[in-house]
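Please look over the structure shown here before reading on. The notes that follow are grouped by topic.

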Amino acid sequence: MGPLLFFIVWNLIRIAFLWYTQEFGYNVGTTIAQDLSGGMLGRITEGASILGMFIIGALVQRWVSITFTPIVSTVTQSDGAYIKWEELPAGADGIKAALEQYSALGPNALNVEKVTTLQQNLDQLIPGLAALLLTLLCCKLLKKGVSPIVIILALFALGICGRVLGFM
């Protein structure tokens, strides 16, 4: 009896839903088309554009990487601020001591001289600024009608020249 009752009740609900949605669509169909041709479709499109630009802005920091390598300063660190490699014991004890000192002193503890690059200074001011500016430049070029292939080739050329000349 359970399967028959389920079959009958399920089909009554399904047929009622189909009839109601068909009648609703028939009665409201023309007004929906008028609403979409009016201001609603424009607002939906504008909202989707804003959401898309927000997502692009959030992904720039993750997917676009620019590193400027010119050295801004080189400073000799004071004693105790770096690992003295020649004073470490040999073998596993030396490796353990080096790792302990590295975790205590930080990434600048590897060398006697602390080197600061242009990218480190830019990252202290506004992290990801160069990547954001490059992305905005590409968007502006696309709006002006520049071919995406030309932009990609120009980015390849800029990256290769920057690496050869030593500023990237």
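**Two helices and some single residues**

H4 passes H5 in a right-handed crossing; a crossing is right-handed if the near helix is turned clockwise from the far one by less than a right angle, and left-handed if anticlockwise. The model is predicted, so local features need pLDDT of at least 70 and side-chain atom pairs count only at pLDDT 80 or more, while totals for chains, interfaces and linings use all residues. Residues are numbered from 1 along each chain as its sequence is written, and side-chain values use heavy atoms, with hydrogens and water left out. Helices (H or I, at least four residues) and strands (E, at least two) are DSSP runs, numbered from the N terminus.

**How H4 and H5 pack**

- Two packed helices are described by the angle between their axes and the distance between the axes.
- The axes of H4 and H5 come within 10 Å and cross at roughly 150°; axes are lines fitted to C-alpha atoms, for helices over the stretch in contact, and angles run from 0 to 180 degrees between N-to-C directions.
- That angle makes H4 roughly antiparallel to H5 (angles over 145 degrees count as roughly antiparallel, under 35 as roughly parallel, 65 to 115 as roughly perpendicular and the rest as oblique).
- From H4, the residues Leu134, Cys138, Leu141 and Leu142 meet Pro148, Ile151 and Leu155 of H5.

**Helix H4**

- H4 covers residues 129-143, which is 15 residues, and its first and last C-alpha atoms are 21 Å apart, close to the expected 21 Å (1.5 Å times one less than the number of residues).
- Ala131, Thr135 and Cys138 are the buried residues of H4, where buried means under 20% relative accessible area, exposed over 50% and partly exposed in between (1.4 Å probe, protein chains only).
- These buried residues cover an arc of only 60° around the axis, which puts them on the same side of H4; the arc is that of the directions from the helix axis to the C-beta atoms.
- An α-helix has 3.6 residues a turn, so residues three or four places apart point the same way.
- Lys140 and Lys143 are exposed on the other side of H4.
- Gly145, just after H4, has a positive phi of about 95°.

**Helix H5**

- H5 is made of the 18 residues 148-165 and reaches 25 Å from first to last C-alpha, close to the 26 Å expected.
- Gly166 follows H5 and has a positive phi, near 85°.

**Residues in other elements**

- Thr117 is in strand E2, residues 113-117, and is buried, with a relative accessible area of 19%.
- Apart from neighbours within four places in sequence, Thr117 is in contact with Phe68, Thr69, Pro70, Ile71 and Val72 (contact means heavy atoms within 4.5 Å).
- Tyr102 belongs to helix H2, residues 92-105, and is partly exposed at 34% relative accessibility.
- Not counting residues up to four places away in sequence, Tyr102 touches Ile83, Pro107 and Leu110.
- Tyr102 and Gln22 are 80 residues apart along the chain, and 71 Å separates their C-alpha atoms.

**Helix H1 and the loop after it**

- Gln61 is placed in helix H1, and its contacts, leaving aside neighbours within four places in sequence, are Pro127 and Gly128.
- Gln61 and Leu129 are 68 residues apart in sequence and 8.8 Å apart in space, C-alpha to C-alpha.
- Ser65 sits in the loop between helix H1 (2-63) and strand E1 (71-76) and is exposed, with a relative accessible area of 65%.
- From C-alpha to C-alpha, Ser65 and Val9 are 60 Å apart in space, with their positions 56 residues apart in sequence.
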